Amino acid sequence: MFMLPSIPLPSLSLPPIVAEAPPHVHMRFLEFFAANIRNANTRRAYAKAARDFLTWCSGHGVRRLDEIAPIHVAAWVEMLGQSLAAPSVKQRLAAIRHLFDWLVTGQAIATNPAASVRGPAHSARAGRTPVLEAAEARALLDAIDISTLAGLRDRALIGLMIYSFARVGAALAMRREDVFVQGRRLWLRLHEKGGKRHEMPCHHILEEYLLSYIEACDISEGRAPLFRTVDRGRRALSDRALRQAEAHAMVRRRARAAGIETQIGNHSFRATGITTYLKNGGTLENAAAMANHSSTRTTQLYDRRRDDISLAEVERVRI
């Protein structure tokens, strides 16, 4: 694993093709992740795509970066399409294309072999994220045992994602100072993708959840992470922020305990909140503003009201 000063990189040993290149190529390769990508999640995803592709190339007889041709990229994309959905394949191709662009501009290689390779066609009018009915979401929240610190934390985190449409990454990045009073109401400050800061008033139910959690856990330091792991030995909060994988495991565990069979994940609550808001008469424009979407076209992917229409029409087939 390589580590630049104060910039932790993903666990990324140099692939053989890069390791055998001159030293300036090593540095240019690492700089792509350290200097060119600021989002930690994007960094991890792009690092995995780069490692997988270059390892695949080595396994198919490619020994140098300048030997990689569009045919190799196309064959790899074709292989990925046999096991991954089109959006996942397109994301991996984008990672490779951006990496080689970076290497070209740094004069590590002459041309970008991924520039001319097209990804699989994909068009989506609705998202694929599993969504809960309002009654299911209510049952999930009510089933959480709030006699423990973990229960108070989990209810507050799930409630935050439902009532504020927050992405799990933005929720877990929150600090105590990001929950504040303004105009006699509690407000939230979310740090979304692309460095966007988004502030919005807190739903009254979410306000109760957050204040109960903060007061019970005595979270007072402004810069302290809001959602933290629980030290089981001391039965108190630790100093470490909860990770997305840990939040996902918690969500699946809480759903099973509530008897919910839908295979939900962290992102399900964002879609659940938006869909419920629109069903209750909210406008698409306001939903986009609350979700901090730059376009209502993105918000429409979370609007699952058509699912009810489709189900009603299917039930018309009476035999």
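At what angle do helix H7 (residues 149–163) and helix H11 (residues 268–279) pack, and how far apart are their axes? In this predicted model, the two helices pack at an angle of about 45°, and their axes are 7 Å apart. Two packed helices are described by exactly this pair of values, the angle between their axes and the distance between the axes. The angle makes H7 oblique to H11, since an angle counts as roughly parallel only under 35 degrees and as roughly perpendicular from 65 to 115. On the H7 side the contact is made by Ile158, Met161 and Ile162, which meet Phe269, Arg270 and Gly273 of H11. Sorted by class, the residues of this contact are 4 nonpolar, 1 polar and 1 charged.

Helix H7 also meets helix H10 (244–257). Here the axes come within 11 Å and cross at roughly 100°, which makes H7 roughly perpendicular to H10. From H7, the residues Ala150, Gly151, Asp154, Leu157 and Ile158 take part, and they meet Ala247, Met250, Arg253 and Arg254 in H10. This contact divides into 5 nonpolar, 1 polar and 3 charged residues. Ile158 belongs both to the contact with H11 and to the contact with H10.

The picture can be widened by turning to helix H6 (residues 134–143), in which Ala137, Leu140 and Leu141 are buried. Viewed down the axis of H6, the buried residues fall within an arc of 95°, and so they line one face of the helix. An α-helix has 3.6 residues a turn, so residues three or four places apart point the same way. On the other side of H6, Ala135 and Asp142 are exposed. As for what the buried residues of H6 pack against, their partners are H7, H9, H10 and H11.

Charged side chains offer another route through the model, which holds 16 salt bridges. One of them joins the side chains of Arg153 and Asp154, with a distance of 2.9 Å from N to O, and both Arg153 and Asp154 are buried. Asp154 is also among the residues of H7 that meet H10.

Another salt bridge is formed by Arg223 and Glu177, whose closest N and O atoms are 2.7 Å apart. This pair links distant parts of the chain, 46 residues apart, with Arg223 in the loop between helix H9 (204–217) and strand E6 (228–231) and Glu177 in the loop between helix H8 (168–172) and strand E3 (179–182). Arg223 counts as exposed because its relative accessible area is 52%, whereas Glu177, with a relative accessible area of 33%, is partly exposed. A further salt bridge brings together the side chains of Arg243 and Glu246, at 3.9 Å from N to O, a value that lies within the 4 Å cut-off for a salt bridge. Glu246 counts as partly exposed because its relative accessibility is 29%. Salt bridges also link Asp178, Arg189, Arg197 and Glu199 in a network.

Two single residues in other helices can be placed in the same way. Which residues does Leu103 touch, not counting those up to four places away in sequence? Leu103 lies in helix H5 (residues 86–105) and counts as buried because its relative accessibility is 2%. Its partners are Arg28, Phe29, Leu65, Ala108 and Ile109. Leu103 and Glu31 are 72 residues apart in sequence, while their C-alpha atoms are 9.7 Å apart in space. Asp52, for its part, lies in helix H3 (residues 40–59) and counts as partly exposed because its relative accessibility is 30%. Asp52 and Asn39 are 13 residues apart in sequence and 20 Å apart in space, C-alpha to C-alpha.

These details belong to a chain with 14 helices and 7 strands, whose C-alpha trace spans about 60 × 60 × 35 Å along its principal axes. Of its 319 residues, 43% count as buried. Among contacts in the chain between residues at least 6 apart in sequence, 56% join residues that are at least 24 apart.

Key. Residues numbered from 1 in each chain as written. Predicted model: local features only at pLDDT ≥ 70, side-chain atom pairs only at ≥ 80, totals over all residues. Heavy atoms only, no water. Buried < 20%, exposed > 50% of the residue type's maximum accessible area, 1.4 Å probe, protein only. Helix = DSSP H or I, 4+ residues; strand = E, 2+ residues; numbered from the N terminus. Axes fitted to C-alpha atoms, helices over the stretch in contact; angles between N-to-C directions. Parallel < 35°, antiparallel > 145°, perpendicular 65-115°, else oblique. Contact = heavy atoms within 4.5 Å. Nonpolar A, V, L, I, M, F, W, Y, C, P; charged D, E, K, R; others polar. Arc of directions from axis to C-beta.
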